[in-house]
Every structure is written in structure tokens, then in C-alpha cells.
Amino acid sequence: MSVPNANIRSVSYDIAQMQTECGQCGQEARVLALALPPNHEMHLDGEWQHVEAVAFIFYIAELPQAISRRLLELSPGFRLSGEGPESSYWANHCEHCGAELSDEELHCEPGGFMPADPMDAERISLLRVSRGLSACAAGYALAPEFSVFMRRP
């Protein structure tokens with residue numbers, strides 16, 4: 001299933017999961033992210049371009065309903081956030097206090113889905129989904145240096 005404004009697509013993807021400390025209440029919260037394998041595509045400059053690297057997407061504005069349902073099953077804290085339909089995006093929320101967990105901190109700072117060392121990477125588990133994905137995402141980060149240490153169940 002495709003989304004109308006997709007700027008990312010792939011024939012498969014991984015659901016990345018880990019625990020992180022909530023900055024609001026200090027408790028451990030489950031967080032999710034979507035990882036794309038090599039050979040996914042990005043829509044840039046009016047055309048689809050192949051990317052030969054693993055990447056994470058975030059600030060996701062649109063997902064097919066089947067994918068969003070699966071993510072909600074895994075973590076009810078991964079849900080739409082924002083100020084209305086024009087500015088909403090999928091974000092992680094603390095399962096204890098409901099605070100939004102920043103995509104910037106989870107994807108752009110050491111720790112989170114940008115592990116600083118192999119031990120950080122081992123905290124991340126990857127669940128392979130062998131179905132296509134299309135999404136509209138504003139955030140995109142190439143896989144971190146230690147991604148080979150992420151666990152597969």
C-alpha cells in the first residue's frame with residue numbers, strides 16, 4: 001500500500017526497538033523506529049533515486065494504515081503527535097507519563113538509534129518485515145557506525 005505524498009519507499013524494512021529513559025519522568029520507555037535496508041529509494045529532485053546504505057527515517061508524516069497499526073500494536077506510545085493534520089507526525093511517547101520523546105534526541109544524538117559504541121547498539125533489536133514500505137518522512141539518517149551490532153531476534 002502506498003501513501004500519496006511518499007518520498008521514501010523500500011521493498012522491506014526493519015522495526016527497530018529499544019528502551020530509553022524518559023526525560024520527563026525518568027522511567028524506561030519502549031521506543032520504535034523504522035530502518036530501511038540498502039537499495040531503498042528516496043524521491044529527490046523530481047525522481048526516485050536508489051540509496052545503497054541502511055538508513056533510519058523519522059518525523060514521519062504519512063504511513064500506510066497496515067504499518068501504523070502494526071507499530072501501535074508493538075508500542076501504543078508510538079503515535080501521531082503535533083498540532084493538527086498539517087503538522088502531525090509519528091513520534092514516540094513515554095508509556096508512563098505520555099511525554100513526547102524527541103526524534104532529534106533519538107536519531108541525531110549519541111545513544112538512542114544513533115549508538116555511540118557497540119554496547120549501545122546491542123540494546124537495539126531489529127524485526128525484519130518482508131513487505132514494502134512507502135512513507136513521507138522529513139527526517140533521514142544513514143545507519144550509525146555500530147549498526148552491525150544491533151540484534152535480530
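Two rings of Phe, Tyr or Trp count as a pair if their centres lie within 6.5 Å, and the angle between the planes sorts them: under 30 degrees is stacked, over 60 is edge-to-face, and the rest is tilted. Keep that handy for the exercises below, which work on a predicted model.

**Exercise 1. How many aromatic pairs are there by this rule? Take Phe56 and Phe113 as an example, and work out what kind of pair they form.**

Step 1. The count comes to four aromatic pairs.

Step 2. For Phe56 and Phe113, the ring centres are 5.7 Å apart and the planes make an angle of 35°. The limit for a pair is 6.5 Å, and tilted pairs are the ones that are neither under 30 degrees nor over 60. So Phe56 and Phe113 make a tilted pair.

Step 3. Now find the two partners along the chain. Phe56 belongs to strand E6 (residues 55-62), while Phe113 lies in the loop between helix H2 (103-108) and helix H3 (118-122). With their positions 57 residues apart, the pair links distant parts of the chain.

**Exercise 2. Are Phe56 and Phe113 buried or exposed?**

Step 1. Buried means under 20% relative accessible area.

Step 2. Phe56 has 3%, so Phe56 is buried. Phe113 has 1%, so Phe113 is buried too.

**Exercise 3. What kind of pair do the rings of Phe58 and Tyr59 form?**

Step 1. Their centres are 5.7 Å apart and the planes stand at 50°, so this pair is tilted.

Step 2. Check the surroundings of each partner. Phe58 is buried, at 6% relative accessible area, whereas Tyr59 is partly exposed, at 24%.

Step 3. Look for further company: Phe58 and Tyr59 form one aromatic cluster together with Tyr89.

**Exercise 4. Which ring does the charged end of Arg9 sit over?**

Go to Trp48: the charged end of Arg9 sits over that ring, 3.9 Å from its centre.

**Exercise 5. Where are Asn39 and Asp45, and what is the sign of phi in each?**

Step 1. Start with the usual picture: most residues other than glycine have a negative phi.

Step 2. Asn39 has a positive phi, near 75°. You'll find Asn39 in the loop between strand E3 (28-36) and strand E4 (40-44). Asn39 is partly exposed, with a relative accessible area of 46%.

Step 3. Asp45 isn't a glycine either, yet its phi is positive, about 50°. Asp45 sits in the loop between E4 and strand E5 (47-51). Exposed means over 50%, so Asp45, at 78%, counts as exposed.

Conventions:
Residues numbered from 1 in each chain as written. Predicted model: local features only at pLDDT ≥ 70, side-chain atom pairs only at ≥ 80, totals over all residues. Heavy atoms only, no water. Helix = DSSP H or I, 4+ residues; strand = E, 2+ residues; numbered from the N terminus. Buried < 20%, exposed > 50% of the residue type's maximum accessible area, 1.4 Å probe, protein only. Phe/Tyr/Trp six-rings, centres within 6.5 Å; stacked < 30°, edge-to-face > 60°. Lys NZ or Arg CZ within 6 Å of the ring centre and 35° of its normal.
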